[in-house]
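Me: Could you take me through the labels on this model and show how each one is earned?

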Amino acid sequence: YMVKEIIGRGSYGVVRRVIDNETQIEYARKEVAPDFLEVDLLSRYQHPHIISLHHFWLDSATDLLDQQTTSLYLILELGSGDLDQKSIPFCPNYIY
């Protein structure tokens, strides 16, 4: 993947726009601490209101303090717009 600009930051990680080198399709790459609950949920559900998971991997690296760190990378469908700017009515059975 060709890594592009940061398109989002959150408490758990950062999201960057990436382009698949082979297909030239744009995706979002989410980098977070390893937690497979999100991977499990995204891989189970296909719905127009849930961003689809393309694939994922773990990567280990040594940080500036010589400590081993592991990140989980999720390649996700690149959504359009900002959910904070959209009015989504509350639905008790909706996965937010």
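**Labels and their cut-offs**

Me: What share of the contacts between residues at least 6 apart in sequence joins residues at least 24 apart in the protein chain?
Reply: The share is 36%, with a contact meaning heavy atoms within 4.5 Å. Keep in mind that the model is predicted: local features need pLDDT of at least 70, side-chain atom pairs count only at pLDDT 80 or more, and totals for chains, interfaces and linings use all residues. Residues are numbered from 1 along each chain as its sequence is written, and side-chain values use heavy atoms, leaving out hydrogens and water.

Me: Which helices and strands make up the protein chain?
Reply: One helix and five strands, in the sequence pattern β-β-β-α-β-β. These are DSSP runs numbered from the N terminus (helices: H or I, at least four residues; strands: E, at least two).

Me: What makes β1 and β4 edge strands?
Reply: The open sheet runs β1-β2-β3-β5-β4 with antiparallel pairing. β1 (2-9) and β4 (53-62) each pair on one side only; pairing takes at least two DSSP bridges between two strands. For comparison with that cut-off, β2 (13-19) and β3 (26-32) pair over seven bridges, and V18 faces Y27 of β3. Helix α1 (36-44) packs on this sheet, touching β3, β4 and β5 (68-77).

Me: Why is the pair of Y1 and Y27 called edge-to-face?
Reply: Rings of Phe, Tyr and Trp (its six-membered ring) pair if their centres lie within 6.5 Å; planes under 30 degrees apart are stacked, over 60 edge-to-face, the rest tilted. The centres of Y1 and Y27 are 6.3 Å apart and their planes stand at 85 degrees, so the pair is edge-to-face. Y1 sits in the segment before β1 and Y27 in β3, 26 residues apart.

Me: How do you know whether Y1 and Y27 are buried or exposed?
Reply: By relative accessible area: under 20% is buried, over 50% exposed, in between partly exposed (1.4 Å probe, protein chains only). Y1 has 30%, so Y1 is partly exposed; Y27 has 10%, so Y27 is buried.

Me: And what type of pair do W57 and Y73 make?
Reply: Their ring centres are 5.2 Å apart and their planes meet at 15 degrees, so this pair is stacked. W57 belongs to β4 and Y73 to β5, so parts 16 residues apart in sequence are tied together. W57, at 29%, is partly exposed, while Y73, at 11%, is buried.

Me: Which aromatic cluster do these residues form?
Reply: Y1, Y27, W57 and Y73 form one cluster, and the whole structure holds four aromatic pairs.

Conventions. Axes are lines fitted to C-alpha atoms, for helices over the stretch in contact, and angles run from 0 to 180 degrees between N-to-C directions.
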